Amino acid sequence: MDEAIVQGVERLVAHVREVDGVRGFVARAMRAVPRHQFIPDVALVVPGDPEKAFVIDRERDPVTWRDMVYSEHAIVTQLDEGRTDIRAGAGAYTSSSSAPSTVAYLLTLLDPEPDDRVLEVGTGTGWTAALLDHLVGTQGAVTTIEVDGAVAARAAKNLAAASVGAHLVVGDGADGFPQGAPYDRVHVTCGVRKVPYAWIEQCRPGGVIVAPYCPGFGDNHVLRLVTLPDGTAVGRFPGYASYMMMRSQRPATYAPDDGSGLRRPTEVHPRTIGLAPPGADLAMAAITGLYAHIGREETRFLSYVLDPAAPGQWAVAIHHRGDAEHTVYQMGDRPLWDEVTDAYFRWVSWGKPGRERFGMTVTEEGQRVWLDMPDQVIGK
Ligand SMILES: C[S@@+](CC[C@H](N)C(=O)[O-])C[C@H]1O[C@@H](n2cnc3c(N)ncnc32)[C@H](O)[C@@H]1O
């Protein structure tokens with residue numbers, strides 16, 4: 001390997017080792033399976049804020065390309081499901097190589113053992129599948145599913161060039177891949193609001209499922225479930241993880257702020273809801289089943305709430321800089337703002353529990369979110 005690449009790999013390994021909670025076995029796998037083998041020549045680097053995203057081109061500027069591949073940044077490899085050329089630099093991010101620290105954190109939680117049978121959902125570039133293949137060390141023990149045919153074709157080439165024997169399937173990862181079951185581990189690298197039961201059904205008892213839980217309400221969370229012999233799974237939210245959503249579970253489009261709808265005052269500051277901590281976000285999402293997001297402008301702070309089942313139903317609470325009063329505009333009959341603020345104050349009345357006190361049970365009938373113990377269900 002080129003000396004500069006070796007130095008890049010070592011920089012990445014050192015960075016990942018410093019991330020809280022990441023264990024050494026993942027950093028060692030990242031040394032054995034260098035990331036550059038999976039990154040296309042032209043891609044989009046996203047250093048946190050999408051406004052600062054920039055294109056890297058290996059042919060035009062190989063040094064920047066290499067430095068970014070071995071940086072802590074996520075690298076977007078597809079825009080708008082391939083309808084927009086990556087060189088445009090803007091669009092909906094639909095495939096990527098996630099930030100190495102996030103990849104390392106999720107793999108640490110998965111904790112695969114040699115010879116485990118693993119299902120990965122969301123192949124993307126193929127890098128995570130290759131890391132999993134290295135960690136389990138058994139030919140053909142890793143199956144990875146990608147919904148996008150073009151993304152899968154590129155990943156297949158990357159995996160073949162790196163001599164990785166993972167089994168790549170094109171399909172909807174929500175269905176799992178029953179032909180490869182039972183799995184010891186299911187590793188999900190796209191966000192979900194609802195955990196598909198197929199993943200639990202296809203895991204053996206004691207199996208581990210790690211998935212980004214992104215209910216579309218403020219902060220996102222990583223979920224680690226363990227499967228039980230009765231065909232259910234139970235687990236908690238050990239930390240933060242944000243991923244692009246599973247195709248079939250993408251949130252509703254953002255509501256417009258066109259000043260329409262029923263106008264009324266609210267005593268609750270829009271920031272109280274919009275900037276609530278992760279535990280509150282988890283509780284509000286589970287209790288109400290709604291989506292929320294914020295808007296920040298020079299003179300306004302906006303807190304939106306949307307009903308995913310009824311796109312015309314939404315509310316926005318607005319704080320104007322310098323104003324003591326705040327206003328809510330509500331579209332549709334359902335008092336969404338009141339539902340969300342009620343859920344927030346329930347969370348306050350419980351003593352403001354952090355995300356680590358919440359958990360989830362998944363059965364064939366669906367999912368339940370609970371506080372502290374599985375019998376203290378708060379929502380779905
Ligand atoms: C963040 S990327 C995955 C990164 C990947 N693990 C890697 O190492 O490069 C998310 C991927 O999930 C895929 N995806 C979205 N919905 C899916 C679904 N229903 N089934 C399978 N893959 C899906 C996207 O097309 C995208 O490639």
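Which strands and which helix do the buried residues of H9 pack against? In this predicted model, the buried residues of H9 pack against five strands and a helix that are easy to list: strand E10 (221–227), strand E11 (233–239), strand E17 (358–363), strand E18 (366–371), strand E19 (377–379) and helix H10 (336–349). Helix H9 itself covers residues 278–288, and 9 of its 11 residues are buried, so the rest of the structure largely encloses it. Those buried residues are Gly-279, Ala-280, Asp-281, Leu-282, Ala-283, Met-284, Ala-285, Ala-286 and Thr-288. Right after H9 comes Gly-289, with a positive phi near 70 degrees.

Leu-282 gives a closer look at this helix, since it is found in H9. Leu-282 counts as buried because it has 31 C-beta neighbours inside 10 Å, and 20 or more is what it takes to be called buried. Setting aside neighbours within four places in sequence, Leu-282 is in contact with His-221, Phe-237, Arg-355, Phe-358 and Val-369. Leu-282 and Ala-153 are 129 residues apart along the chain, and their C-alpha atoms are separated by 36 Å.

Now for the domains. The domain assignment of the protein gives domain 1 (3–239) and domain 2 (262–349). The contact takes 7 residues from domain 1 and 9 residues from domain 2. On the domain 1 side, the residues that touch domain 2 divide into 3 nonpolar, 3 polar and 1 charged. The C-alpha centres of domain 1 and domain 2 lie 33 Å apart.

The largest nonpolar core has 110 residues, and Val-305, Ala-315 and Val-340 touch the most other members. At least three residues of this core come from domain 1 (3–239), and at least three from domain 2 (262–349). Take Ala-315: not counting residues up to four places away in sequence, Ala-315 touches Val-305, Val-328, Tyr-329, Gln-330, Met-331, Leu-336 and Trp-337.

Next up is the ligand. It is surrounded by 26 residues, and the closest are Ser-95, Gly-122, Gly-124, Thr-128 and Gly-173. Strand E4 (93–97), helix H5 (127–136) and strand E6 (142–146) are the elements that give two or more residues to this shell. With 4 residues, E4 gives the most to the shell. As for the kinds of residue around the ligand, the shell divides into 10 nonpolar, 12 polar and 4 charged.

E4 deserves some attention of its own. Is this strand mostly covered or mostly open? E4 is mostly covered, with 4 of its 5 residues buried. Strand E3 (residues 74–79) is joined to E4 by 4 bridges, and the two run antiparallel. One of the pairings involves Ser-95, a residue of E4 that is the bridge partner of Gln-78. Ser-95 is also among the residues closest to the ligand.

Between E3 and E4 there is a loop, and Ile-86 is found in it. Ile-86 is partly exposed because it has 19 other C-beta atoms within 10 Å, while a residue needs 20 or more to be called buried. Leaving aside neighbours within four places in sequence, Ile-86 is in contact with Val-42, Ala-43, Leu-44, Val-55, Thr-77 and Leu-79. Ile-86 and Ala-283 are 197 residues apart in sequence, and 37 Å apart in space from C-alpha to C-alpha.

A few spots in the backbone also stand apart for their angles. Asp-115 has a positive phi of about 75 degrees although it is not a glycine. Asp-115 lies in the loop between helix H4 (100–110) and strand E5 (118–121), and it counts as exposed because it has 10 C-beta neighbours inside 10 Å. Ser-163 is not a glycine either, yet its phi is positive, at about 55 degrees. The loop between helix H6 (149–161) and E7 is where Ser-163 sits, and Ser-163 is exposed because it has 9 other C-beta atoms within 10 Å. For both residues, the cut-off that matters is 12 or fewer such atoms.

Finally, there is a cis peptide bond, which joins Ala-181 and Pro-182 with an omega of about 5 degrees. Pro-182 is found in the loop between strand E7 (167–170) and strand E8 (183–188).

Technical notes
Residues are numbered from 1 along each chain as its sequence is written. This is a predicted model: local features need pLDDT of at least 70, side-chain atom pairs count only at pLDDT 80 or more; totals for chains, interfaces and linings use all residues. A nonpolar core is a set of buried Ala, Val, Leu, Ile, Met, Phe, Trp, Tyr and Cys residues joined through C-beta atoms within 7 Å. Domain bounds come from an automatic or database domain assignment. Two residues are in contact if their C-beta atoms, placed from the backbone, lie within 7 Å. A residue is near a molecule or strand if its C-beta atom, placed from the backbone, lies within 6 Å of it. Ala, Val, Leu, Ile, Met, Phe, Trp, Tyr, Cys and Pro count as nonpolar, Asp, Glu, Lys and Arg as charged, and the others, Gly among them, as polar. Two strands pair if DSSP finds at least two bridges between them.
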